[in-house]
Amino acid sequence: MVSVAAAVAIMLGLGALEGRASRSADATANSDSAAVATQADSVADARTEAAETQSAIVGSGTLEVTGIARGGSSREVADLESAISSFEANGWSLGIYLEDLDGETRVSYNAESSFYTASSIKGPYVCALLQELVDTGQVSWEDVSDRVTRTIVDSDNDAYASLVEQYGQDFFVSWLDEHDVSLGPYETRQQYVAWKYPHSTPHQLAEEWKAVYAYLSSVSGHSSDLAGLFQARTTSPMADVLGDRYVTWSKAGWYPKDENALFGKAANDAGVVLVPDSEGGPYIMVVMSTAPAELDQLEPVISALDTLDTAERG
């Protein structure tokens, strides 16, 4: 197993170039710097112009793939379309949002549709708890470590409920606001946090995971502790599919068929795939569905998404 320290090294890269401009730099040096800057801008403009969006009606929604045009990705798009169609042939709805953290590739499908989060909300909530309360000294790590561990590693509902009942949701609201997370299917933030297990959209949950990733990669406070827990979680179709190749940090959520209208059927996984920088860098993946706790049914979709992302990177 790759250690947390190694995972952080993968994220952050090794080494950083340092330099400073001399006050006495002559006109030639200034000219060279301007030329380099112009060249960099030209490369960025070229990459932007090369970006394109492919759209296709698939099943219940529109699949959109935005990224730098690569030869050979059409087959991978078709494979993803097939995986989506096979999944929804069971009568389940599916939502997808994938985004490279370098911004080059984005894949979405029903990304603004509402899905029941089930336990996938526990990841962002615990991250906010540590970042807003524990790392600031308002709550001690010793007071929450056992419950946090059980919430993330074992998806223990009682441990999660205990945290929510003791510490509430105000800090979570602040965290969501600080990171400019959208409201998803709700009109206000308070409606979103009124439930321990709210509904969300794949896009909204991806925004939360960008904030989680920023914390985990900061290597500050208890971020390394939380990274280790995400890596050690016992249930994750993302880990099942991709764990042999990459470190993955995620929190799955699932709920079986239930006639109670307050809840919804769910099979979800959301998190970060820590692809090494040499292979293109990390990406956020969120897959949400109405499959009643059928987490294994997400695996072909997850595999197709990763294969497409790899093809888009070239």
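Glu-208 is a bit of an odd one: this residue is buried but has no salt bridge. The nearest side chain of opposite charge belongs to Arg-189, and that is 6.3 Å away. A salt bridge needs the nitrogen and the oxygen within 4 Å. Keep in mind that this is a predicted model.

**Around Glu-208**

- Where does Glu-208 lie? You'll find Glu-208 in helix α9, which covers residues 202–216.
- If you skip the neighbours within four places in sequence, Glu-208 is in contact with Ile-121, Pro-124, Phe-172, Trp-175, Leu-176, Val-181 and Tyr-192.
- Three of those names come back when you look at how two helices meet: Phe-172, Trp-175 and Leu-176 in α7 touch Glu-208, Ala-211 and Val-212 in α9.

**How α7 and α9 cross**

- Two packed helices are described by the angle between their axes and the distance between the axes.
- For helix α7 (residues 170–178) and α9, the angle is about 90 degrees and the axes are 10 Å apart.
- Angles from 65 to 115 degrees count as roughly perpendicular, and α7 and α9 are therefore roughly perpendicular to each other.

**A helix tucked inside**

- How many of the 13 residues of helix α4 are buried? The count is 12, so α4 (residues 122–134) is largely enclosed by the rest of the structure.
- Among the buried residues of α4 are Lys-122 and Glu-132, along with Pro-124 and Tyr-125.
- The cover over the buried residues of α4 includes α5, α6, α7, α9, α10 (223–232) and β7.

**Aromatic rings**

- Going by ring centres within 6.5 Å, there are nine aromatic pairs.
- Take Tyr-116 and Tyr-255: their ring centres are 5.7 Å apart and their planes sit at 85 degrees, so this pair is edge-to-face.
- This pair also links distant parts of the chain, with Tyr-116 in strand β5 (residues 115–116) and Tyr-255 in strand β7 (residues 247–255), 139 residues apart.
- Tyr-116 is buried, with a relative accessible area of 4%.
- Ring pairs also tie Tyr-125, Tyr-160, Phe-171, Phe-172, Trp-175 and Tyr-197 into a cluster. Phe-172 and Trp-175 are familiar by now, as contacts of Glu-208.

**Salt bridges**

- The structure holds seven salt bridges.
- One of them joins the side chains of Asp-146 and Arg-150, at 3.0 Å from N to O.
- Why are Asp-146 and Arg-150 separated by about one helical turn? Because they are four residues apart in helix α5 (residues 141–153).
- An α-helix has 3.6 residues a turn, so residues three or four places apart point the same way.
- Arg-150 has another partner too: its side chain meets that of Asp-156 in a salt bridge of 3.5 Å, N to O.
- Lys-196 and Glu-165 form a salt bridge as well, with their closest N and O atoms 3.9 Å apart.
- That one links distant parts of the chain: Lys-196 is in the loop between α8 (189–193) and β6 (199–200), Glu-165 is in helix α6 (residues 157–167), and they are 31 residues apart.
- Is Glu-165 buried or exposed? Glu-165 is exposed, at 60% relative accessible area, while Lys-196 counts as partly exposed at 31%.
- Through shared partners, salt bridges join Asp-146, Arg-150 and Asp-156 into one network.
- In that network, Asp-146 is partly exposed at 48% relative accessibility, Arg-150 is partly exposed at 28%, and Asp-156 is partly exposed at 22%.

**Two loop residues with positive phi**

- Ser-155 has a phi near 55 degrees, a positive value in a residue other than glycine. Ser-155 lies in the loop between α5 and α6, and is buried, with a relative accessible area of 10%.
- Val-219 has a positive phi too, near 50 degrees, and again this is a residue other than glycine. Val-219 is in the loop between α9 and α10 and counts as partly exposed at 43% relative accessibility.

**The whole protein**

- The protein has 12 helices and nine strands.
- Of its 314 residues, 48% are buried.
- Among contacts between residues at least 6 apart in sequence, 66% join residues at least 24 apart.

Notes
Residues numbered from 1 in each chain as written. Predicted model: local features only at pLDDT ≥ 70, side-chain atom pairs only at ≥ 80, totals over all residues. Heavy atoms only, no water. Phe/Tyr/Trp six-rings, centres within 6.5 Å; stacked < 30°, edge-to-face > 60°. Buried < 20%, exposed > 50% of the residue type's maximum accessible area, 1.4 Å probe, protein only. Lys, Arg positive; Asp, Glu negative; His and termini not counted. Contact = heavy atoms within 4.5 Å. Axes fitted to C-alpha atoms, helices over the stretch in contact; angles between N-to-C directions. Parallel < 35°, antiparallel > 145°, perpendicular 65-115°, else oblique.
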